[in-house]
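Work through the following exercises with the model open beside the text, and try each task before reading its solution.

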Amino acid sequence: MEPLSVSDLTGAIKEVLETAIPAVRVAGELSNVVRARSGHLYTTLKDDGAQIRVVMWKGKASRLRFEPRDGLAVICEGNVEVYAPRGQYQLILGAMQPEGIGSLELAFRQLQEKLAAEGLFDPDRKRPLPTFPRRIALVTSPTSAAVRDALQVLRRRWRGTDAVVVPTAVQGDGAAPQIAAALRTAGALPGVEVVLLIRGGGSLEDLWAFNEEPVARAVAACPVPVVCGVGHEIDVTIADLVADRRALTPSEAAELTVPDGREIEAFVADAADRLPLALHRRVATEAQRLDELDARLADAGRRRVERGTHELERLGGRLHALSPLAVLGRGFSLTRKGEAVLTDAADAAVGDEVTTRLARGSIRCEVLERTEIEE
């Protein structure tokens, strides 16, 4: 028998194998996952007893909702093929889904984990909403019930706000890049102080654009606060988690954004009613405070006068003790010749007239005799 070439043998095996085994569904665990620069996905599917090389071409791999990772249990659908250059058989995938969990749910969890690690959900980065926004941008489908409901709420609650609709697709292939672009446009509009990202209810697939990374990052990068009202109360999207405020519905998003004019009017009316009474109470309070200050001032003045009087009396006593008049009271006298006080007998001559001051009154005298005392 003529020997076969390696190529002939491999070709025969390829024909038999690919013909005999139709499309298959295979469960296993991913290992050595590689996304090539070309976009193709290469990995190994294995279990406890065997493994098989797996390839998913770019067109199919780009449509995966989740990110294949080592250790992930999956179910793969595809065809067995022999790769002749290496003499290997491999599985060419047409589809892949996580085992035990939907691909969308897994994609949601993976992106949530990634963005949480980056801090995009942190409460500290959430910005407060303006109290009286002058201009609002609504990023949504311009023909949807959501935009009609939101505009109706805005008009009913507060007419001092201008609203502009930035149109975008909100579901289907290519919706996520459009929403991200609309968010960038809305944030750059002159005068816009807050952006509403809204959409009505739908299935998980319908709302999926709001769970994609481009939308999440556009929400985080928006220069003004973003209120996200997507779906119904039970629907929670990645965009909700990144937004500065989450609303349960599009209508609630509009309610959170503007004040209620009726409440403002009621507050003003109530304040106007309470203002006269408040002013009267304030005036009465201030009058009472002035009375108390006046009484305290009078009391302080009285105590000050009393302390001054006591001090004057004390000083007067000291001055009296030092006064020559006090000396006269003890039996001494003061003699003057004219204006001069006589302290030496030599200063007066016989016949001079002098005046002597006593403790009570004074006398005029004539010098009859003078006696000098030698020291």
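**Exercise 1. Describe the largest nonpolar core, then follow one of its members outward.**

Solution. In this predicted model, the largest nonpolar core has 55 residues, of which M96, L183, V195 and L197 touch the most other members. Helix α5, spanning residues 175-188, gives the most to this core, with seven residues. A second core, separate from this one, has 15 residues, including L129, V194, I198 and A253. Returning to L197, and leaving aside its neighbours within four places in sequence, one finds contacts with V139, I179, L183, F210, V215, V219, V226, V227, C228, G229, V230 and A239.

**Exercise 2. Decide whether T257 is buried or exposed, and find the partners of this residue.**

Solution. Begin by placing T257 in helix α8, which covers residues 250-257. The relative accessibility of T257 is 2%, and because buried means under 20%, this residue counts as buried. Next, look for a polar partner: a polar atom of the T257 side chain lies 2.6 Å from the backbone oxygen of A253. Finally, with neighbours within four places in sequence left aside, the contacts of T257 are P130, P133, I136, V194, L196 and V227.

**Exercise 3. Determine which residues make the nonpolar surface patch of about 390 Å², and classify F267 by its accessibility.**

Solution. The patch is made by F132, I264, F267 and V268. Of these, F267 lies in helix α9, which runs over residues 261-322. F267 has a relative accessible area of 55%, and since exposed means over 50%, F267 is classed as exposed. As a background for comparison, nonpolar side chains in soluble globular proteins tend to be buried together.

Note on methods
Residues numbered from 1 in each chain as written. Predicted model: local features only at pLDDT ≥ 70, side-chain atom pairs only at ≥ 80, totals over all residues. Heavy atoms only, no water. Patch = residues over 30% accessible without salt bridge, like charges linked within 9 Å, V, L, I, M, F, W, Y side chains within 5 Å. Areas by Shrake-Rupley, 256 points an atom, 1.4 Å probe, with all protein chains shown as cover. Salt bridge = Lys/Arg side-chain N within 4 Å of Asp/Glu carboxyl O. Helix = DSSP H or I, 4+ residues; strand = E, 2+ residues; numbered from the N terminus. Buried < 20%, exposed > 50% of the residue type's maximum accessible area, 1.4 Å probe, protein only. Core = buried A, V, L, I, M, F, W, Y, C linked by side-chain atoms within 4.5 Å. Contact = heavy atoms within 4.5 Å. Polar contact = N/O pair within 3.5 Å; in protein donor to acceptor, adjacent residues only side chain to side chain.
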